[in-house]
Amino acid sequence: MKKLLLGNEAIARGAYEAGVKVSAAYPGTPSTEISETIAKYPEVYAEWSPNEKVAAEVAIGASISGVRSMCCMKHVGLNVAADPLFTCSYTGVGGGLVAVVADDPGLYSSQNEQDTRMVGRSAMIPVIEPSDSAEAKEFMKRAFELSEKYDTPIILRTTTRLSHSQGAVELEDRVEVPDKPYEKRIDKYVMMPGMAKRRHLYVEDRLNRMAEDMATDPLNRIEYGDKKIGFIASGIAYQYVKEAMPEASVLKLGVVNPLPKKLIAEFAKNVETLYVFEELEPVVEEQVRAMGIKVIGKEIFTRQGEYSANLLRKAVLGVEDYEAPTAGLPARPPVLCPGCPHRSVFSVMKRLKLHVIGDIGCYTLGAVAPISVIETTICMGSSISTLHGVEKAKGKDYIKNWVCVIGDSTFLHTGVNSLINSAYNKSSGTVVILDNRTTGMTGHQEHAATGKNLKGEPAPAIDLENLCRAIGVNRVRTVGAFDRDALTAALKEETQADELSVIICRAPCALLKGNVFPNKVFVNAEKCAKCGACITCGCPALSKNADKTAKIDPEMCNGCGLCASFCKFGAMETREVVKK
Amino acid sequence: MSTNIMIVGVGGQGTLLTSRILGGIAIEKGYDVKLSEVHGMAQRGGSVVTFVRYGDKVREPIVEEGQADVLIAFERLEAARYHHFLKKGGVLIVNDVVIEPITVISGQTTYPLDVLDSLEGKYKIVKVDANKIAEEVGNRRVFNTVVLGVAARHMDVEKDVWLRVIERTVPPKTVEINKKAFLTGLGE
């Protein structure tokens with residue numbers, strides 16, 4: 001049966017058909033749907049772990065015990081999981097082990113544009129890369145076979161475009177793979193210097209053998225056409241080549257680490273001009289060049305953003321045949337939703353003129369106009385330790401008007417380590433946990449404090465207040481995110497205190513299922529002074545009528561009442577609406 | 001040869017559901033098909049783009065500049081933002097409503113209300129106030145299905161195929177209202 005599947009759904013399907021038994025991940029766009037899909041199969045144990053390092057270790061444990069296992073993450077999640085994965089490269093596997101890593105060329109929802117193929121090379125872990133949903137499923141199955149054959153974890157690399165595109169996939173049955181017997185082998189699984197030295201030799205030999213074998217493996221293939229021009233391409237970039245220049249010769253790489261050098265040499269010999277067409281870093285290009293082969297790559301193709309067939313046509317053929325876009329249009333950047341509790345918290349911080357160190361989540365949108373309160377964002381969990389660094393550099397008094405903000409899911413991801421550090425090293429900073437009871441930006445995933453797990457089953461819920469107290473924070477308090485007076489008082493008090501404090505601002509995400517707003521706000525035009533103060537709260541449900549009175553889109557309004565608290569004239573009236 | 005459709009709008013307007021209905025249509029007709037979607041931060045009220053391509057064999061999942069046969073825009077400014085993705089003489093279907101972006105609401109810039117005027121003559125432009133029609137049909141939220149009905153007038157797909165795919169793609173509780181919205185858009 002053929003079905004339209006997202007790349008991510010096809011990856012999950014491939015793992016399922018390959019007999020995977022354990023899957024662990026932390027949500028991250030564009031990888032999230034892999035875990036959400038695999039969780040639906042009762043044969044597979046699937047979990048949200050607090051972060052990618054934990055997820056990778058769970059998968060490693062499952063693999064050592066002899067079952068096929070996987071972990072999934074976005075590219076920056078691979079940095080968090082790098083420690084276990086780099087050494088798992090040395091230990092190799094028991095049951096097949098695949099780390100699915102989703103890169104984000106074009107930064108649709110990320111803080112950088114790093115290239116996972118570079119990490120694969122550095123970790124000496126083989127990397128394979130499918131080019132559509134059908135291949136995503138097939139490659140996933142091959143990944144488990146290769147993992148077991150070469151005794152190595154495999155990275156299956158995808159990108160946003162592949163993960164979030166749908167294509168037709170032929171569904172097949174799951175094959176139950178017998179568990180490998182568990183072996184106690186300290187030479188393989190205890191990585192202390194003596195053992196690791198020998199495993200390093202093994203790893204090098206493994207990559208050389210694999211590179212040799214991959215020259216004839218169907219994962220890599222040459223499609224000869226017009227031999228005047230030849231492209232080396234993999235992943236989605238291969239599709240752009242076929243789209244733009246279907247007549248050209250192509251060496252399609254399914255395995256991007258290690259490279260099948262024999263096959264590359266053969267292809268290079270048979271085409272007149274050779275291009276490497278690869279998104280992001282010149283990973284393949286530099287290795288081809290090092291083989292002494294003349295090749296064209298990043299001198300005409302950019303390192304930034306997503307590629308396309310038009311980009312190739314322009315760079316290689318000099319063709320650009322379409323209407324010019326209309327210039328000067330107003331941008332439409334993403335915004336916090338109507339009724340978002342973060343907006344309320346930020347409005348208080350703005351009024352108190354606080355410096356705000358941010359973190360990763362929807363609330364990063366608090367950096368841009370008209371909210372404009374967040375001043376730094378680096379990576380998951382960084383806010384608390386960044387504030388600590390500012391304090392240690394400049395002293396306690398310097399941070400009396402500084403706070404950091406971190407979401408509940410991000411706090412449990414890696415923020416908690418930083419809070420331990422702040423308590424241990426006597427920080428006096430003010431940490432604000434924006435607790436919206438979910439992992440918001442990736443689309444509402446459960447976490448260790450929501451009371452449910454990935455399978456939707458009831459689970460223990462961490463009590464954030466008690467967790468902070470157990471770490472050694474004495475000043476912990478919880479405030480409703482829409483209670484602006486209480487929040488104002490709390491922020492004034494805690495920023496002045498000479499001791500570390502945590503303020504938990506709690507209100508569920510406006511989009512969270514079951515979160516019903518009983519009210520809507522209406523404008524009383526007679527009272528409206530046309531001053532525009534309400535607009536400054538930055539809610540997209542608000543705008544102005546032609547006569548400059550405030551206007552609220554009743555479809556969008558969630559009745560949070562934040563705009564009403566900005567109005568001095570009582571023109572914003574909150575009324576209960578009957579939900580049908 | 002493939003048919004290339006692009007759907008643009010504001011995050012939350014249902015571009016994703018619309019592209020999935022179109023994908024279902026292509027499968028039903030026995031074509032190879034690829035769709036491309038937007039998830040994550042970009043969905044939060046921002047400018048959202050999805051693509052649907054179908055034909056004998058589809059390579060890339062995106063529709064590029066100068067290649068769309070049909071551009072379905074759920075909002076006026078977004079129609080203007082992406083018109084250059086259309087082929088010369090392609091069909092531009094606009095839900096002719098104005099949703100001010102935050103950059104306009106907050107006074108950083110103004111909304112160019114006449115933004116579609118310069119496009120007249122370049123494409124076959126079909127304007128519809130689907131929000132108003134959807135309200136008349138009985139639910140403002142199904143405006144996207146009204147627009148789809150208008151688009152269907154320019155596509156070679158039988159009515160019963162559309163209705164079958166709508167039935168299995170939209171949430172079960174909304175099947176009847178969506179069918180009604182589609183037929184109204186289609187002009188029946």
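Start by selecting domain 3 and domain 4 of chain A in this predicted model, where seven residues of domain 3 are in contact with seven residues of domain 4. On the domain 3 side of this contact, helix α14 of chain A, residues 341–351, gives the most, with three residues, and it is a useful element to highlight before looking at the rest. Coloured by class, the side of domain 3 of chain A that touches domain 4 of chain A shows three nonpolar, two polar and two charged residues. If you then place a marker at the centre of each of these two domains, taken over C-alpha atoms, the markers for domain 3 and domain 4 of chain A are separated by 29 Å.

To see where these two domains sit along the chain, colour chain A by its domain assignment, which gives domain 1 as 2–214, domain 2 as 221–317, domain 3 as 341–506 and domain 4 as 519–576.

Next, select residues 408–424 and 464–471 of chain A, which are helix α16 and helix α17. Their axes lie 10 Å apart, and the two helices pack at an angle of about 25°. Because angles under 35 degrees count as roughly parallel, α16(A) is described as roughly parallel to α17(A). Viewed as a crossing, α16(A) passes α17(A) in the right-handed sense. For the contact itself, show the side chains of A:D408, A:L419, A:I420 and A:A423 on α16(A), together with those of A:L464, A:C468 and A:I471 on α17(A). By class, this contact of α16(A) with α17(A) consists of six nonpolar residues and one charged residue, with no polar residues.

Now bring chain B into view and select the contact between the two chains, which takes 45 residues from chain A and 45 residues from chain B. On the chain B side, the elements that each supply at least two residues are α1 (15–28), β2 (32–36), α2 (76–82) and α3 (102–105). Of the side of chain B that touches chain A, β2(B) gives the most, with five residues. Colouring that side of chain B by class gives 18 nonpolar, 15 polar and twelve charged residues.

Finally, keep β2(B) selected and add strand β8 of chain A, residues 165–170, which is joined to β2(B) by three bridges. The two strands run antiparallel, and a good place to end is the position where A:S165 stands opposite B:S36 in β2(B).

Technical notes:
Residues are numbered from 1 along each chain as its sequence is written. Chains are lettered from A and ligands numbered from 1 in the order in which they are written. This is a predicted model: local features need pLDDT of at least 70, side-chain atom pairs count only at pLDDT 80 or more; totals for chains, interfaces and linings use all residues. Axes are lines fitted to C-alpha atoms, for helices over the stretch in contact, and angles run from 0 to 180 degrees between N-to-C directions. Helices (H or I, at least four residues) and strands (E, at least two) are DSSP runs, numbered from the N terminus. Angles under 35 degrees count as roughly parallel, over 145 as roughly antiparallel, 65 to 115 as roughly perpendicular and the rest as oblique. A crossing is left-handed if the near helix is turned anticlockwise from the far one by less than a right angle, and right-handed if clockwise. Ala, Val, Leu, Ile, Met, Phe, Trp, Tyr, Cys and Pro count as nonpolar, Asp, Glu, Lys and Arg as charged, and the others, Gly among them, as polar. Domain bounds come from an automatic or database domain assignment. Two strands pair if DSSP finds at least two bridges between them.
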